[in-house]
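Me: I would like to go through this structure and ask, for each label attached to it, what justifies the label. Please set the values against the criteria as we go.

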Amino acid sequence: MGLPLDGKEIIVGITGGIAAYKSCELVRGLRENGASVSVVMTDAACRFVSPLTFSALSGREARAELFEPHGITHIDITARADAFIVAPATANIIGKAANGIADDLLSTMLMAAKCPVLFAPAMNCRMFDNPALQANLKILRDRGVLFVGPSVGPMACNEFGLGRMSEPADILRAAVSLFKEKTLSGVRVLVSAGPTFEDLDPVRFIGNRSTGRMGFAVAKEALSRGAEVTLICGPAALVPPPGVKAIAVRSAREMAKAALEAFSNADMAIMAAAVSDFAPAEYSASKIKKEGLQNYSLKLIKTPDILSAFGKDKKKGQVVVGFAAETDDAGPNALKKLKEKNADIIAANIIGENTGFGCLTNRLYIYDRKGLVMDTGLVSKDEAAGRLLDVAAGLLQLKEIKSKGRSAK
Ligand SMILES: Cc1cc2nc3c(=O)[nH]c(=O)nc-3n(C[C@H](O)[C@H](O)[C@H](O)COP(=O)(O)O)c2cc1C
């Protein structure tokens, strides 16, 4: 079988940030996946990692000089490139690209690029927050430039926040998805992700251990297949993938309201959120005090059952996918849930050390009305999302959807 990037010419631009060292891994990954890679560095980037390292990893001379003795060669490479990735992308290169500045080799090549351009921003969280930077990102996004990350996490400067470059594996995945067939173009996919928080008082809530990773992975995968994605997301420390319509909610009730509003427009709904089954019957506007109390009992009431509501409202052609996180008897419980809620697919997972909540991997047992369709084995959540979409897309009436004439994004 061929490699996903076989025959692809990819330019990798490296700019002057600490994360430049991570791009060594990216260049390697691109080549291992079949791409031919040309590395272009800014002067600042050369102060972080030697061009020699990138020359060795790419198998081609890494370049930084605009004025070379042999004449104009930079336009040559951009003319035959299939993709142009800038990782890390500093605040500076984002500003230059947004405003048409071409004062070194990389920014000049970006001006000449006709292929898809993918930026992986990386910077201190306060720099990322800067209104000028945000305005420049918007200009580039509106112009069709694609982005991967940044993510939230610890920074080299000992701060914590949004601005960390995405991991090389995520940038690689985004690069591969540039060439993925857009099998879901014109399809509207509704995804829910994350936990819900049910407030008791202004300080406390009932929540759960969901991080939102599984639902975000589904949203990213659907987007990379060309779908129009709405992501309804409970409180999660993840940044919605650029390109999805993200709706942030807190409680099960808010999630149900947003989900029911969006469902009528969706061709497929994949409900990966861990929605609380119960919420406190009463909310105390002031902090509940312990003084004078030996015990404290909470009265809980059931929250709206979103999957059942979808099962009832479902119109011909709509595909409804639910998740069942179980500690025991995943199979029988999944099938019971599927029938009771009139879903089309249930993805069951056992909560364990490497599966379920709070980890990067998962193992899904995917059921349809007839029984088990697929056991994904223990895989990354991204891969599990891909397998789930393979199964769910098989139930879509793609011909009818496409005949409605919706265009891909
Ligand atoms: C140690 C160090 C780390 C830096 N890290 C970043 C960074 O992560 N992101 C960023 O936008 N700028 C960072 N800078 C600032 C850039 O290097 C500076 O803005 C430079 O002009 C960028 O040039 P370039 O975009 O041409 O590579 C850093 C500077 C230093 C000294």
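Reply: Rings of Phe, Tyr and Trp count as a pair if their centres lie within 6.5 Å, and a pair is stacked if the planes are under 30 degrees apart. The model is a predicted one, and a search of the whole of it finds 3 aromatic pairs.

Me: What makes Phe197 and Phe205 a stacked pair?

Reply: The ring centres of Phe197 and Phe205 are 3.9 Å apart and their planes make an angle of 15 degrees; since pairing asks for centres within 6.5 Å and stacking for planes under 30 degrees apart, both conditions are met.

Me: Why is Phe197 called buried, and how is Phe205 classed?

Reply: Buried means under 20% relative accessible area, and partly exposed covers the range from there up to 50%. Phe197 has 16% relative accessibility and therefore counts as buried, whereas Phe205, with a relative accessible area of 37%, is partly exposed.

Me: Why is the pair of Phe263 and Phe310 called stacked?

Reply: The centres of these two rings, Phe263 and Phe310, are 4.0 Å apart and the planes lie at 5 degrees, so the pair is stacked. The pair also links distant parts of the chain, with Phe263 in helix H11 (residues 252-263) and Phe310 in helix H12 (residues 306-313), 47 residues apart. Both Phe263 and Phe310 are buried.

Me: How do you know that H12 is largely enclosed by the rest of the structure?

Reply: That follows from a count, because 6 of the 8 residues of H12 are buried. The buried residues are Ile306, Leu307, Ser308, Ala309, Phe310 and Gly311, and they pack against S8, H11, S13, S16, helix H13 (330-340) and S17.

Me: What makes the approach of Asp305 to Leu307 at the start of H12 a polar contact?

Reply: A side-chain oxygen of Asp305 comes to within 3.3 Å of the backbone nitrogen of Leu307, and since the cut-off for a polar contact between N or O atoms is 3.5 Å, the distance satisfies it.

Me: Which backbone oxygens lie by the side chain of Gln318, and why is Gln318 called buried?

Reply: Gln318 is found in the loop between H12 and S16, and its relative accessible area of 9% is the reason why it is called buried. A polar atom of its side chain lies 2.8 Å from the backbone oxygen of Phe263, and the backbone oxygen of Ala266 is 2.9 Å from a polar atom of the side chain of Gln318.

Me: What justifies saying that a charge sits over the ring of Phe147, and over that of Phe205?

Reply: The distance part of the criterion asks for CZ of Arg within 6 Å of the ring centre, and the angular part for a position within 35 degrees of the ring normal. The charged end of Arg141 sits over the ring of Phe147 at 5.3 Å from its centre, and that of Arg250 sits over the ring of Phe205 at 5.5 Å.

Me: Which residues have the most contacts inside the largest nonpolar core, and which element gives the largest share of this core?

Reply: The largest nonpolar core has 36 residues, and those with the most contacts inside it are Leu231, Met268, Ile270, Phe323, Leu364 and Leu388. H14 supplies the largest share, 7 residues. Another core, of 32 residues, lies apart from it and has Cys24, Ala45, Ala62 and Val176 among its members.

Me: Why is Leu389 called buried?

Reply: Leu389, which lies in helix H14, has 0% relative accessibility and therefore counts as buried. Leaving aside neighbours within four places in sequence, Leu389 has contacts that include Leu184, Val218, Met268 and Ile270.

Me: What makes the approaches of Thr42, Ala91 and Asn92 to the ligand polar contacts?

Reply: The cut-off is again 3.5 Å between N or O atoms. An oxygen atom of the ligand lies 2.7 Å from a polar side-chain atom of Thr42, one is 2.8 Å from a polar backbone atom of Ala91, and one is 3.0 Å from an N or O atom in the side chain of Asn92.

Conventions
Residues numbered from 1 in each chain as written. Predicted model: local features only at pLDDT ≥ 70, side-chain atom pairs only at ≥ 80, totals over all residues. Heavy atoms only, no water. Phe/Tyr/Trp six-rings, centres within 6.5 Å; stacked < 30°, edge-to-face > 60°. Buried < 20%, exposed > 50% of the residue type's maximum accessible area, 1.4 Å probe, protein only. Helix = DSSP H or I, 4+ residues; strand = E, 2+ residues; numbered from the N terminus. Core = buried A, V, L, I, M, F, W, Y, C linked by side-chain atoms within 4.5 Å. Polar contact = N/O pair within 3.5 Å; in protein donor to acceptor, adjacent residues only side chain to side chain. Contact = heavy atoms within 4.5 Å.
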